[in-house]
Amino acid sequence: MARPPKSSQIITANRLIDGRVVFLTQDLSWSSDLGNAQVFPDPASAEGGIKSAQTSAANGEIVDPYAISVSLTDGRAAPTLLRERIRADGPTIEAGPKAA
Amino acid sequence: MYVYDDFDHAFVGARVAQFRDQVARRLSGDLTEDQFKPLRLMNGVYLQLHAYMLRIAIPYGTLSSRQMRKLAHIGRTYDRGFGHFTTRQNLQFNWPALKDIPDILTELAEVEMHAIQTSGNCIRNVTADHFAGAAADEIADPRPYAEILRQWSSLHPEFSYLPRKFKIAISGGAHDRAAIRFHDIGLQLVRNAAGEIGFSVYIGGGMGRTPFTAWHLRAFLPESDLLAYTESILRVYNLYGRRDNKYKARIKILMHEAGLDTVRAQVEEEFERIRTGVLNLPASDIDRIKAFFRLPDLAEKPAVSVAEAKAAAQDAAFEAWVATNVTAHKVPGYASVTISLKPIGGIAGDATSAQMDAVADLADQYGYGEIRVSHVQNLILPHVARDDLKAVYDGLVAAELATANIGLITDMIVCPGLDYCALANARSIPVAQRISEAFGAQAKQDDIGPLQIKISGCINACGHHHVGHIGILGVDRKGEELYQITLGGAADEQAAVGEIVGPGFTTDEIVGAIETVVETYRDIRSGPEEAFIDTYRRIGPKPFKEALYGAD
Ligand code: SF4
């Protein structure tokens, strides 16, 4: 079987203090907005991102960083896996009381 | 219900203080995640897809109105205004911040609740029949025994690092509403020929990757031997249970590999050695605990309520709700009310803080302040005068909690699935919502009759799919959600693991497939009074397979 093409990557984690999903940004900070994520062209270049993410983890900013594959449409990244899309966008169902 | 003594208060208080310190040290960087993770798990704190999740034990499913109000308050103050009741009679908050969890635990301790042993390889929350103490068909209330087991198992030093988690359930009588044959230990209250109360003991039941119905270990265990015998089982398991492979570590695998006779011989040997020791339960101790669970003083009433009959004659919706959601009580003139947490198209097991408050108010006004949580993810007011049923119903209508579907096709068990759970392969909730919409019309549900659908988002089977009359298991096929159907499972005294009917269905196909199964049943049942599971047991899977996949 042909190897799948190398896909673009972003780095994600959960914020330590409240567990919210965050993404590593260009300036090596963390944002809960996927749109701010720094996109690495391939898994090899994402290694650098993982290193800086591990520093953030050691500093107690975030927990369990890892790289995920994304596809790019008009420069916008969308996670390849459903699990990661749900992490990025939140539950696909109403995640709060029906009546406000 | 059980009331904490000074020891219990000090015990839970010390544990909260300890965890508060651990969280502070984690946030200040003194503890790494590797060091902290086992500590947070011991306090019921998981990290899920979007946030932390806090799992709070509701011992044997019994809650007071005061505790329910506290849960409502916590939901409102620290979460998003709702909570999720689970198949283990626990409550989960899906959005708490780690920094707030010590405060949440402090608030819980004020109402004698905690999250200890809701995770980890220890003895978990002991579950029981949700009609305990009220059921017309019970031998005895299982909750005093569950409380005794809870006290014995709390931070039991020998059983804090078992090969794997360990779950115990107790049924008050022969009709099993607590799924005891799918627990590591299942206890059924029985009477022997001399009229003494004891337990019929089941062992090694479980779902997950390798489902087993339990083995029958002992026909009669005197109540005074409850702890000595349970401890003997745990010792044998602790010694011989496999620690080399997480997937083979539950006691069901030990039973499967070593066999009933070997395990029984070991258990009995240990039991003989310790039965007269410190774990022997004197009747006075049992009576002391039983006193906490005394039935409220229910004034005598005629069995048939004129007020109820009059209301039913005027309000068909009320009459339909009584037919499905109201259960006979051991005291004439009273009933147990099941409050459905399965609104049509809603999320199974979820309740808003406002709804929790409403249930607490109704419990105070009409139900002696008592509430139960069922493993089917519904709430129960166990002791309601039939004369008050209409008032309770009206209160539930106002709180949007009056869905009349208990035991019917839309009363599904549904795990959180890929919308929340870090272990999930597929979503459960949206599938359940679409099934609920498809079958939600009252006449349609009533015509289909009793039918249990249970849905899990992965093989861990928190949604009990193995024991659904119709089970649905979400799997991942190359990045696509796929749903496997099993038929013929049952969690009660006719326990059975469902049989996989064939290849899975896509998200788009699954609701149609369930409709096909239900239509097939309606075509082949002997009459409207033959329930789905009885038709299945009579005829088997063949017609369902043919309807789903064509004749081969
Ligand atoms: S069955 Fe799987 S997906 Fe569902 S709650 Fe359990 S672990 Fe999560």
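Two strands are counted as paired if DSSP finds at least two bridges between them. The structure on display is a predicted model, and the tour below begins with strand pairing in chain B.

**Stop 1: strands β8, β9 and β10 of chain B**

Select residues 197–203 of chain B, which form strand β9. On one side, β9(B) pairs with strand β10 (residues 215–222) of chain B, antiparallel and over 5 bridges. Within this pairing, Tyr202(B) is set opposite His216(B) of β10(B).

Next add residues 185–191 of chain B, strand β8. The link between β8(B) and β9(B) is also antiparallel and comprises 7 bridges. Here Ser200(B) of β9(B) has Gln188(B) opposite. The two strands form a hairpin with 5 residues between them, and in this hairpin Gly195(B) has a positive phi near 85°.

Is β9(B) mostly covered or mostly exposed? The strand is mostly covered, with 7 of its 7 residues buried.

**Stop 2: the open sheet of chain A**

Move to chain A and display its open sheet of 5 strands, whose order is β3-β2-β1-β4-β5 with antiparallel pairing. The edges are formed by β3 (30–31) and β5 of chain A, each of which pairs on one side only. Inside the sheet, 3 bridges connect β1(A) and β2(A) in the antiparallel sense. To view one opposed pair, select Ala13(A) together with Val22(A) in β2(A).

**Stop 3: helix α2 of chain A**

Now select residues 82–89 of chain A, helix α2. Its buried residues are Leu82(A), Glu84(A), Ile86(A), Arg87(A) and Ala88(A). Against which elements do the buried residues of α2(A) pack? In chain A the partners are β1 (8–15), β2 (21–24), β4 (62–73) and β5 (76–79), and chain B contributes β19 (480–487). Following the helix is Gly90(A), which has a positive phi near 95°.

**Stop 4: helix α5 of chain B**

Return to chain B and select helix α5, residues 143–153. This helix is mostly covered, as 10 of its 11 residues are buried. Among the buried residues are the charged-class names Arg143(B), Glu147(B) and Arg150(B), and the set also includes Tyr145(B) and Trp152(B). Just beyond α5(B), select Leu155(B), where phi is positive at about 50°.

**Stop 5: Arg20 in helix α1 of chain B**

Select Arg20(B), a residue of helix α1 (residues 6–27) of chain B. Its relative accessible area is 35%, so Arg20(B) is classed as partly exposed. Leaving aside residues up to four places away in sequence, Arg20(B) touches Pro102(B), Asp103(B) and Thr106(B). A distance drawn from C-alpha to C-alpha between Arg20(B) and Thr106(B) gives 9.2 Å, although 86 residues separate them in sequence.

**Stop 6: a loop residue with positive phi**

Select Gln89(B), in the loop between β4 (82–85) and β5 (90–93) of chain B. Phi of Gln89(B) is positive, near 55°, in a residue other than glycine. Why does Gln89(B) count as buried? Its relative accessibility is 1%, and buried means under 20%.

**Stop 7: the ligand shell**

Display the ligand with its surrounding residues of chain B. Cysteines in this shell include Cys415(B), Cys421(B), Cys458(B) and Cys462(B). Also surrounding the ligand are, among others, Pro416(B), Gly417(B), Leu423(B), Ser456(B) and Asn460(B). By class, the shell holds 8 nonpolar and 4 polar residues, with no charged residues.

One member of the shell, Ala461(B), deserves a separate selection. Ala461(B) lies in the loop between β17 (453–456) and β18 (470–477) of chain B. Although Ala461(B) is not a glycine, its phi is positive, at about 70°. With a relative accessible area of 3%, Ala461(B) is buried.

**Stop 8: the second largest pocket**

Finish at the second largest pocket, which has a volume of about 650 Å³. To find its centre, select the closest of the 31 lining residues: His175(B), Arg177(B), Val376(B), Gly407(B) and Gln452(B). Then colour β11 (326–328) and α17 (532–539) of chain B, since each of these elements supplies at least two lining residues. How is the lining divided by class? It has 13 nonpolar, 12 polar and 6 charged residues.

Key
Residues are numbered from 1 along each chain as its sequence is written. Chains are lettered from A and ligands numbered from 1 in the order in which they are written. This is a predicted model: local features need pLDDT of at least 70, side-chain atom pairs count only at pLDDT 80 or more; totals for chains, interfaces and linings use all residues. Side-chain values use heavy atoms; hydrogens and water are left out. On a 1 Å grid over the protein atoms alone, a cavity is a set of points where a 1.4 Å probe fits but cannot get out, and a pocket is an open set with protein on both sides within 12 Å along at least five of seven lines; lining residues have an atom within 4 Å of a point. Grid points are joined across faces, edges and corners, and a volume is the space filled by probe spheres set on the points. Helices (H or I, at least four residues) and strands (E, at least two) are DSSP runs, numbered from the N terminus. Buried means under 20% relative accessible area, exposed over 50%, partly exposed in between (1.4 Å probe, protein chains only). A residue is near a molecule or strand if one of its heavy atoms lies within 4 Å of it. Contact means heavy atoms within 4.5 Å.
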